Amino acid sequence: QFHAFISYSEHDSAWVKNELVPYLEKEGMQICLHERNFVPGKSIGENIINCIEKSYKSIFVLSPNFVQSEWCHYELYFAHHNLFHEGSNNLILILLEPIPQNSIPNKYHKLRALMTQRTYLQWPKEKSKRGLFWANIRAAFNM
């Protein structure tokens, strides 16, 4: 139903709504966002699972804010479970801001493991390097 479900901290919503979503939708993608697509009356957990299952990819916008969010961790947990359950490569990690390894709480060992085992895309502060970032996003979707 969706090309991608995007998980992010509310503190990073400006970047998600002003940079990421407009770019992906301009490329013709159907994007699933909690504020648009969660079904009222269903539990947040149920909504997260449904959105991840209905999406071809899950994009995680990682930042120190993400690490502080219980809901982001919950979304990551289900996407990670789904990843191994399906055996597919459906996870895209975007590092919006550097996260010092020691700032990741021990209970988020899955996030720590993912960051050491998987390639992630880093959002460049310099505008001149953003073309490559977007090319890598397109490549992750095989566009």
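Let's start at Tyr 120, which sits in the loop between α6 and β5, residues 121-122. Keep in mind that this is a predicted model. So is Tyr 120 buried or exposed? In between, because its relative accessibility comes to 31%, and that counts as partly exposed. If you leave out residues up to four places away in sequence, Tyr 120 touches Leu 93, Leu 95 and Met 115. Take Leu 93 from that list. Along the sequence, Tyr 120 and Leu 93 are 27 residues apart, yet from C-alpha to C-alpha the gap in space is 4.8 Å.

Okay, the pocket next. Tyr 120 and Leu 93 both turn up in the lining of the largest pocket. That pocket has a volume of about 220 Å³. Also in the lining you'll find Lys 57, Asn 89, Leu 91, Ile 92, Arg 118, Thr 119, Leu 121, Asn 136 and Ala 140. Which elements give two or more residues to it? Those are β4 and α7, the latter being residues 130-140. The largest share of the lining is three residues, and it comes from β4.

Now let's go back one element from that loop, to α6. Here Leu 111, Leu 114 and Met 115 are buried. These three cover an arc of only 95° around the axis, so they end up on the same side of α6. What does the other face carry, the one turned away from the buried side? On that face are the exposed residues His 109, Thr 116 and Gln 117. So if you have the helix up on your screen, look for Leu 111, Leu 114 and Met 115 on one side, and for His 109, Thr 116 and Gln 117 on the face turned away from it.

Leu 114 has a partner worth pointing out, and that's His 80. His 80 lies in helix α5. Leaving aside residues up to four places away in sequence, His 80 touches Lys 110 and Leu 114. Is this histidine, His 80, buried or exposed? With a relative accessible area of 10%, His 80 is buried; the cut-off for that is under 20%. For a sense of distance, His 80 and Lys 26 are 54 residues apart in sequence, and 28 Å apart in space, C-alpha to C-alpha.

On to the inside of the protein. The largest nonpolar core has 24 residues. Leu 111 and Met 115 from α6 are among those with the most contacts inside it, along with Phe 60, Leu 62, Ile 99 and Ile 104. Where do the residues come from? At least two each are supplied by β1 (2-7), α3 (44-53), β3 (55-62), α4 (64-68), α5 (70-86), β4 (91-95) and α6 (109-117). The largest share is four residues, from α5.

Phe 60 is a good one to click on. Not counting residues up to four places away in sequence, its contacts include Phe 66, Cys 72, Leu 76 and Ala 79. Phe 60 also touches Leu 91, Ile 92, Leu 93 and Ile 94, and then Ser 7 and Glu 75. And apart from the largest core lies another one, of 23 residues, with Tyr 8, Leu 24, Leu 33 and Leu 121 among them.

Last topic, charges. How many salt bridges are there? The count comes to three. One of them joins the side chains of Lys 17 and Glu 35, at 3.4 Å from N to O. Lys 17 is in helix α1, residues 13-26, and Glu 35 is in helix α2, residues 34-37, so this pair ties together parts that are 18 residues apart in sequence. Both ends are partly exposed: Lys 17 has a relative accessible area of 38%, and Glu 35 is at 40%.

Then there's Glu 25 with Arg 36, at 2.7 Å, N to O. Again we have α1 and α2: Glu 25 lies in the one and Arg 36 in the other, so the pair ties together parts eleven residues apart in sequence. Glu 25 is partly exposed at 34%, and so is Arg 36 at 44%.

The remaining pair is Glu 126 and Lys 129, whose side chains meet at 3.6 Å, N to O. Glu 126 is partly exposed with a relative accessible area of 39%, and Lys 129, at 48%, counts as partly exposed too. That's my tour, thanks everyone.

Definitions and conventions: Residues numbered from 1 in each chain as written. Predicted model: local features only at pLDDT ≥ 70, side-chain atom pairs only at ≥ 80, totals over all residues. Heavy atoms only, no water. Core = buried A, V, L, I, M, F, W, Y, C linked by side-chain atoms within 4.5 Å. Buried < 20%, exposed > 50% of the residue type's maximum accessible area, 1.4 Å probe, protein only. Contact = heavy atoms within 4.5 Å. Salt bridge = Lys/Arg side-chain N within 4 Å of Asp/Glu carboxyl O. Arc of directions from axis to C-beta. 1 Å grid on protein atoms, 1.4 Å probe; cavity = no way out; pocket = protein on both sides within 12 Å on 5 of 7 lines; lining within 4 Å. Points joined across faces, edges and corners; volume = space filled by probe spheres on them.
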